[in-house]
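Welcome! Let's take a friendly look at how two chains meet, and then visit one residue along the way.

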Amino acid sequence: MNPDTHALAGAYAVNAVTDEESRSFEAHLEVCADCRAEVTELRAAAAALAADVELPPPPALRNSVLSAIAQTRQLPPLPVTEPADPTAATAGSTGSRATAGTTDDLATRRRPRLRPWLAAAAAAAVLAVGTLIWSPWNDGPAQLTATEQVLQAPDAQRVEQPMNGSEIAIVRSPARGQAVFVADAMPAAPAGKAYQLWLDLPGRGLVSAGLIPASGAAVTVMLDGDAAAATGAGITLEPAAGSEAPTSDPVALFSFT
Amino acid sequence: MVFMAAVGPEDESSSTAAMGPDLGRLLTRSARGDEAAFAELYDATAARLHGLVVRVVRDRAQSEEVTQEAYLDIWRHCTRFDPSRGSPLAWMLTIAHRKAVDRVRSAEASKAREVTYESTTIEREHDTTLEKVETRLDQQRVRRALDSLTETQRGAVELAYLGGHTHTEVAALLGIPLGTAKTRIRDGLIRLRDTLEVTA
Ligand SMILES: [Zn+2]
């Protein structure tokens, strides 16, 4: 983890960041539980300062507010999500390895590296399920970007792990059939190379889900392909133009089941 | 009174706060469209939210607009309030603060604000409001907590939160390096949190 990224938690908590810094820090929040907790606590601490500057608004404002809300429709609530059950996740990934093993035989002829990947994939299992909303002042889905809609989907699953000092995660919404890759400080690929995303699809093996944009900074990118059907995902280092199938060992693996 | 919502209940000095309305319940009722509950919520929190907005925005007419916008947002979004992500009051103040900051960062408004920024002293604001509010205990707690900050931390936190400045602007205003302002804001808020024993 880049300690400099964590250091922005205070400024972010009190809105003392630019819009760009805010977006990049929210990518970090997707993958950093420490900062998620810290932002909540520091927002509460800052809120205490408001006790020292109290000032009743003019009485007319009360009527104005109350007549405005009487004419304003409230947003629909977000569906309740079940907290992640680590026991279920473990059992699920064991089962999926068995299932994937059968498709493995078919795929192995074309993609010899699939088997070791799947054996290791259990390491990064689903850690958290839920919706993170950092900006309650933003409106509903109408204003959300495509990736934000996945990140805030009620059924979003988050699979996270560290990679070369960055925190990376794949957030997947089975209902939307989409997944988003998030990194708070994606390491830059060596010259002439690029990091490529892969989805593990039953019966098809590893299918390219696109390249991760070159970056030394925060990255949020939508994966190509049917994320609902995928049982896992991975990242390899490939030639800059990308490859049809992985040509190197994975640098990260994610199990969705 | 309502400060209780953001502070640990174990503290004797704010026991009067326990008599205030239960903001969480009022928010829950508001989320079901209960306008009377929202009116109670407004009465319990308006001075706190408006005071913060005025402190950031300065201009009274604009501040009233911002406070109204904040309450409208709270009304629309209270259906999605998540108690595990902070107290009701902290959540409401976060929304109001963001609205205030958005207002002053629009180029037009910030121009007008530059002129009055240095000439309006914080002390004068305190004097006029203190006579009217019933929350001296809360304020004493906050001031004691602020006193636990180093002078440089306090300056950075106040410029960022009450001044509505970005950490980059705070660095420029204090004549310190960029990374230093960021660190001071965070360290100051952490100290404040620990001194107030704020429960998120
Ligand atoms: Zn962090």
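## The shared surface

Between chain B and chain A, about 6100 Å² of area is buried, and carbon and sulfur atoms give 63% of that area. Keep in mind as you look around that this model is predicted.

Both chains bring many residues to the contact: 71 residues come from chain B, and 58 residues come from chain A.

## Charged and polar links

How many salt bridges are there between chain B and chain A? The count is 6. To see a salt bridge for yourself, find B:Arg98 and A:Asp19. Their closest N and O atoms are 3.8 Å apart.

Polar contacts link the two chains as well, with 21 residue pairs counted between chain B and chain A, both residues being at pLDDT 80 or more.

## The side that chain B offers

On the side of chain B that touches chain A, helix α2 (residues 35-57) gives the most, with 13 residues. Sorted by class, this side of chain B holds 32 nonpolar, 20 polar and 19 charged residues.

## A stop at B:His50

Helix α2 of chain B is also where you will find B:His50. Is B:His50 buried or exposed? B:His50 counts as buried, because its relative accessibility is 3%, and the cut-off for buried is under 20%.

Which residues does B:His50 touch, leaving aside its neighbours within four places in sequence? From chain A, B:His50 is in contact with A:Leu55, A:Pro56, A:Pro57 and A:Pro58. From chain B, the contacts of B:His50 are B:Ser63, B:Glu64 and B:Thr67.

Terms used:
Residues are numbered from 1 along each chain as its sequence is written. Chains are lettered from A and ligands numbered from 1 in the order in which they are written. This is a predicted model: local features need pLDDT of at least 70, side-chain atom pairs count only at pLDDT 80 or more; totals for chains, interfaces and linings use all residues. Side-chain values use heavy atoms; hydrogens and water are left out. Contact means heavy atoms within 4.5 Å. Buried area is the accessible area (1.4 Å probe) that two parts lose on being put together, summed over both. A salt bridge is a side-chain nitrogen of Lys or Arg within 4 Å of a carboxyl oxygen of Asp or Glu. A polar contact is a pair of N or O atoms within 3.5 Å; within protein, one must be able to donate a hydrogen and the other to accept it, and residues adjacent in sequence count only if both atoms are side-chain atoms. Helices (H or I, at least four residues) and strands (E, at least two) are DSSP runs, numbered from the N terminus. Ala, Val, Leu, Ile, Met, Phe, Trp, Tyr, Cys and Pro count as nonpolar, Asp, Glu, Lys and Arg as charged, and the others, Gly among them, as polar. Buried means under 20% relative accessible area, exposed over 50%, partly exposed in between (1.4 Å probe, protein chains only).
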